[in-house]
Amino acid sequence: MRISINVITQNRAYSLKRLLKALTDAYYLGDEVPISFNMDSKVDEETLHIVEAFDWPHGQKSLRRRIIQGGLIRAVSESWYPRDDHDYGLLLEDDIEVSPFYYMWLKGSLMNYKYHPQVLLPELSAIALYSPRLVEVVKERPKWNATDFFKAIHPNTPYLHQLPCSWGALFFPKHWREFYVYMGSRFTEDAKASSVQIPKSRTNGWQASWKKFLIDMMYLRGYVALYPNFPNQESFSTNHMEPGAHISAAGNVVQHNKEDFEVPLLMKDFWELLPQGKLPPASRLPVIDLFNQRASLKALKESGARLSQDVLPCPLDQIVHVDHSTGIPLRCAPFT
């Protein structure tokens with residue numbers, strides 16, 4: 001397996017410096033980890049200078065800059081494309097900061113849930129670095145704490161969540177290629193024009209967000225991401241909520257309180273905090289749906305199938321399981 005870092009940046013030089021320092025100082029276990037910088041056409045001179053002068057000691061550095069401004073949806077979704085089925089992409093916007101232990105979490109999780117010979121978890125499409133504090137897909141956006149929610153199982157158990165993470169996450173190659181095809185089928189100038197309507201989800205009204213499309217696809221296909229869960233919501237990444245494409249320097253910040261999104265970084269070895277000092281078996285990972293309610297992987301697939309709005313067909317050779325009472329395929333194999 002190979003993990004690459006893909007940074008999306010444009011005009012937040014201070015934020016970028018902070019992220020690059022955190023990435024440089026992290027532990028990489030002797031691995032070679034390439035880094036790429038993805039910049040839109042209107043990148044400012046200071047940011048461009050930082051990127052060009054940056055010396056990455058852990059692998060190859062590459063730069064990409066658009067000729068025509070593409071916007072955040074294209075900037076993120078086109079920042080990485082897998083070379084093969086063992087190529088994993090970490091996507092980071094420049095106002096993210098990472099823990100020194102973030103790479104150890106990613107590699108350990110991949111080894112346990114992707115490359116372990118006795119684990120079959122095809123629904124797993126990403127590994128998040130971040131621990132959410134809100135249920136962001138409902139109108140009220142209530143606060144949420146995974147440590148309290150899962151304390152009956154283990155307060156620090158990792159868990160599977162139907163929500164994709166946009167504030168530091170490693171994406172899997174097969175599912176990301178599927179997402180590309182899905183985006184090609186769904187993306188229009190007005191995202192609402194062909195919107196998938198997830199029952200009671202405020203994401204139905206999101207428009208300028210690549211994450212909206214990924215949420216829709218994961219809901220329709222029953223995919224999940226692995227999330228960390230540690231005391232005080234310490235995480236392997238944090239979002240500093242600095243002015244940018246979605247957070248303006250004026251009124252929008254009022255609607256996005258930093259305390260609801262900025263979490264403390266985990267600055268110590270995390271293994272001893274896990275159940276029995278190790279990552280739990282895949283079969284023991286708790287599952288929650290898009291709305292942070294307890295669920296099962298089977299229930300997630302059934303909910304997506306019932307919606308019947310999947311714009312990607314499920315070819316006969318990709319149908320893994322069929323609900324014999326309805327004839328609805330409950331899961332397609334990931335697009336290849």
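This is a short tour of the model, stop by stop, with something to select at each one.

**Before you click**

You're looking at a predicted model, so local features need pLDDT of at least 70 and side-chain atom pairs count only at pLDDT 80 or more, while totals for chains, interfaces and linings use all residues. Residues are numbered from 1 along each chain as its sequence is written, and side-chain values use heavy atoms, with hydrogens and water left out.

**Stop 1: the whole chain**

Show the protein chain as a cartoon: it has nine helices and 14 strands. Helices (H or I, at least four residues) and strands (E, at least two) are DSSP runs, numbered from the N terminus. Of the 336 residues in the chain, 56% are buried. Here buried means under 20% relative accessible area, exposed means over 50%, and partly exposed is in between (1.4 Å probe, protein chains only).

Switch to a surface and you have about 15100 Å² exposed, with carbon and sulfur atoms supplying 53% of it. Those areas come from the Shrake-Rupley method with a 1.4 Å probe; for residues, only the protein chains shown count as cover. Among contacts (heavy atoms within 4.5 Å) between residues at least 6 apart in sequence, 79% join residues at least 24 apart.

**Stop 2: helix α2**

Select residues 45-53, which make up α2. Which residues of this helix are buried? They are T47, L48, I50 and V51. Looking down the axis of α2, you'll find these buried residues within an arc of 160 degrees, so they line one face of the helix. The arc is that of the directions from the helix axis to the C-beta atoms. An α-helix has 3.6 residues a turn, so residues three or four places apart point the same way.

Now add the neighbours: the buried residues of α2 pack against β1 (2-9), α1, β2 and β3 (61-65). Spin round to the face turned away from the buried side, and there are the exposed residues E45, H49, E52 and A53.

**Stop 3: the loop between α1 and β2**

Pick L29, which lies in the loop between α1 and β2. L29 has a positive phi of about 55 degrees, although it is not a glycine.

Stay in this loop and select D31 together with K107. They form a salt bridge, with the closest N and O atoms 2.7 Å apart. D31 sits between α1 (13-25) and β2 (35-39) while K107 is in helix α4 (residues 102-113), so the pair ties together parts that are 76 residues apart in sequence. Both ends are partly exposed: D31 has a relative accessible area of 23%, and K107 has 22%.

**Stop 4: more salt bridges**

A salt bridge here is a side-chain nitrogen of Lys or Arg within 4 Å of a carboxyl oxygen of Asp or Glu, and by this rule the count is 16.

Try E178 and R221, whose closest N and O atoms are 2.4 Å apart. E178 belongs to helix α6 (residues 173-186) and R221 to helix α7 (residues 210-221), so this bridge ties together parts 43 residues apart in sequence. Are E178 and R221 buried or exposed? Both are buried.

Next, select K258 and E262, a salt bridge with its closest N and O atoms 3.8 Å apart. K258 is partly exposed at 36% relative accessible area, and E262 is partly exposed at 27%. Then display R12, D94 and D95, which are linked in a network of salt bridges.

**Last stop: R141**

Finish in the loop between β6 (124-128) and α5 (146-149), where R141 lies. R141 is another residue other than glycine with a positive phi, near 45 degrees. R141 counts as partly exposed, at 24% relative accessibility.
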